[in-house]
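Reader: I am new to structures like this one, and I would like to ask why things are called what they are called. Could we go through the terms step by step?

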Amino acid sequence: MKRAIFFPAIIFFSLLNASAQTSSMPQLVKRGHYTQLLVNGKPYLIFGGELGNSSASSNAYMRPIWPKLKEMNLNTVIAPVYWELMEPAEGEFDFSLVDSLIENARLNNMKLVLLWFGSWKNSMSCYAPAWVKTNIERCPRVLTKDGVSEEILTPFNKNNLEADKKAFVKLMQHIKQVDDKQNTVIAIQVENEIGMLGSARSYDEAANAAFDKPVPGQLINYLQKNKDSLTPEIDSIWKENGFRTSGNWENIFGKNLETEEIFTAWNYARYVNEITTAGKSVYDLPMYVNTALNRPGWKPGQYPSGGPLPHLRDIWKAGAPEIDMLAPDIYFPDFQHWCDLYTRFSDPLFIPEIRFEKEDAAKAFFAFGHYNCLSFSPFSIESTEHPEEEPIAKAYHILRQISPLITKYQPEGKVSGFLLSKDSLSQSITVGDYQLTVKHDFTLPWSSGSREGEWPLTGCTIIAVASNEFYVAGTGVVVSFKSTIHGKRAGILSVDDGSFEDGKWIAGRRMNGDQDNQGRYVRIPINDYDIQRVKLYQY
Ligand code: DGJ
């Protein structure tokens, strides 16, 4: 029965990743503008958490963490692999930490995304092995404009690239060897928060020479081919310089810091693309790069520059075509703003890191409902002392149940997400013959806390499974319905709370009295986490 449902859908899927070794390999597939991550042959959403940087460097330290992660209802752990510990001496590899992650993930029925802490980690090269760090002749560093040598391997050096690439290939060979049957590892992050610091570009000798050379044809071709769909940022820079197609970096993009950053982005992207291509050629998992976002108003060189930032999307797409996704690490408050930037041009939203805080629960309901979101993952997830009380744990409990509905109905445009706050009390959308209005729970005068100054973020995912039937899943929301047909009114036939067990809806309470205010709305009060099924009619 399952096969009969799945195959008609997959005919419309075009493989992003045509060289996947077997059909059950984790892979990204595209259905129209919608991207899905397939794991063991089925669409998969990552309800994840990223480990703090040092936790996965000790199996003993990790031991009490696994039960915590399970208690928080994670289906995926995002965990580092440290180059220095994996290749302590050149050519000698130790995969014991990787093996332990895989073994424990399996024991806990979880998947893994592995982070390659290789040449760069938050701009710096702190996880490069000692034999790399101490041989500056062989593995040179970035030089700032003032001639300061930073602890950042320069992307303009072949030795740096080759050393990193060899190690990464070994890692991918090892993962293939131990995991190609079970596919516990479902994606790889290549490097971590790449970005130039100190200057917008490196001033080492090789960098200076490259800066004076013509802009590579590969980038020019990309710009020409995608002229009508470039990001507004790159389009306006190129336009200001007359859309020139030959010349050096300053001829084409102008003599300013922005050009230096574009040059940096291109060279990081080329370096990463080479590592990624080599890794994928041995084991073809989805691969992405993550981003330290730029603080608004700061200039290139002041923030980690040249990473896969929204304004550099085109440069990264042109320079690193083997990278499947550019992913934001979201630590700034304006969640929606950053998600919007990363989903321009129908890119999927993959959040490998977000600040771990109470309001993540509401953001997760919103992200999975509103965007083509494939991953949500608070950082340093193990840092809580009370895993069972964490709002994200409660949200994941709900989201895991409705995950098959999201992945089934989202490509048809039948899933929406809402994020409510004191500044955004109410939002409406139209679905078929109904207008849905979603309000913050505190808009009800009798809601506990409605008179408080602080209104926590609340949110929900709503799925239309039939013309008159919706599932509302979330926390702190009130949903009302109007008919869009002239002269008709919408009424609630029934509201049930409940849960999904093995994909089957198990109804709990019938809520047609006080709980839905005698048929006026669906409500999930603040601090409750619930799924409710509502059936409507028109009269
Ligand atoms: C983002 C980085 O990617 C993480 O490894 C970690 O350093 C966090 N920042 C800390 O907030």
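Author: Let us begin with a single pair of residues: Leu-114 stands opposite Ile-188, which lies in β10. The model is a predicted one, in which local features need pLDDT of at least 70 and side-chain atom pairs count only at pLDDT 80 or more, while totals for chains, interfaces and linings use all residues. Residues are numbered from 1 along each chain as its sequence is written, and side-chain values use heavy atoms, with hydrogens and water left out.

Reader: Why are β7 and β10 said to pair?

Author: Strands (E, at least two residues) and helices (H or I, at least four) are DSSP runs, numbered from the N terminus, and two strands pair if DSSP finds at least two bridges between them. Strand β7, residues 111-121, and strand β10, residues 185-192, share six bridges in the parallel sense, so the requirement of at least two is met.

Reader: What makes β13 and β14 the edges of their sheet?

Author: The sheet is an open one of nine strands with parallel pairing, in the order β13-β15-β5-β6-β7-β10-β11-β12-β14. Because β13 (349-350) and β14 (353-354) each have a single partner strand, one side of each is left without a neighbour in the sheet. Helix α12 packs on this sheet and touches β7, β10 and β11 (287-292), its direction making about 150° with that of β10. Such angles run from 0 to 180 degrees between N-to-C directions, with axes fitted to C-alpha atoms, for helices over the stretch in contact. Helix α14, residues 335-342, packs on the sheet as well, touching β11, β12 (325-330), β13, β14 and β15 (373-376), and its direction makes about 170° with that of β12.

Reader: Why is β5 described as largely enclosed by the rest of the structure?

Author: A residue is buried under 20% relative accessible area, exposed over 50%, and partly exposed in between, with a 1.4 Å probe and protein chains only. Five of the five residues of β5 (46-50) are buried, and therefore the strand counts as largely enclosed. Ile-46, Gly-48 and Glu-50 point one way, whereas Phe-47 and Gly-49 point the other way. In a regular strand, side chains alternate between the two faces of the sheet. On the pairing of β5, there are two parallel bridges with β15, where Ile-46 stands opposite Ser-375, and three parallel bridges with β6 (76-82), where Glu-50 stands opposite Ile-78.

Reader: What makes Phe-335 and Phe-366 an edge-to-face pair?

Author: Rings of Phe, Tyr and Trp (its six-membered ring) pair if their centres lie within 6.5 Å, and planes under 30 degrees apart count as stacked, over 60 as edge-to-face and the rest as tilted. By this rule there are 30 aromatic pairs. Phe-335 and Phe-366 are 6.3 Å apart centre to centre with 65° between the planes, so both conditions for an edge-to-face pair are met. This pair links distant parts of the chain, since Phe-335 is in α14 and Phe-366 in helix α15 (360-370), 31 residues apart. Phe-335 has 2% relative accessibility and so counts as buried, and Phe-366, with a relative accessible area of 2%, is buried too.

Reader: Why does the charged end of Arg-201 count as sitting over the ring of Phe-211?

Author: The rule asks that NZ of Lys or CZ of Arg be within 6 Å of the ring centre and within 35 degrees of the ring normal. For Arg-201 the distance to the centre of the Phe-211 ring is 4.1 Å, and Arg-295 lies over the face of Trp-298 at 5.5 Å from the ring centre.

Reader: Why are the buried residues of α9 said to line one face of the helix?

Author: In α9 (217-225), the residues Leu-219, Ile-220, Tyr-222 and Leu-223 are buried. Seen down the axis, they fall within an arc of 160° (taken from the directions from the helix axis to the C-beta atoms), and so they line one face. They pack against α10 (232-240), α11 (249-253), α12 (257-282) and α13 (313-319).

Reader: And why is Arg-509 called partly exposed?

Author: Arg-509, which is found in strand β23, has 47% relative accessibility and therefore counts as partly exposed. Leaving aside neighbours within four places in sequence, Arg-509 is in contact (heavy atoms within 4.5 Å) with Val-495, Asp-496 and Asp-497.
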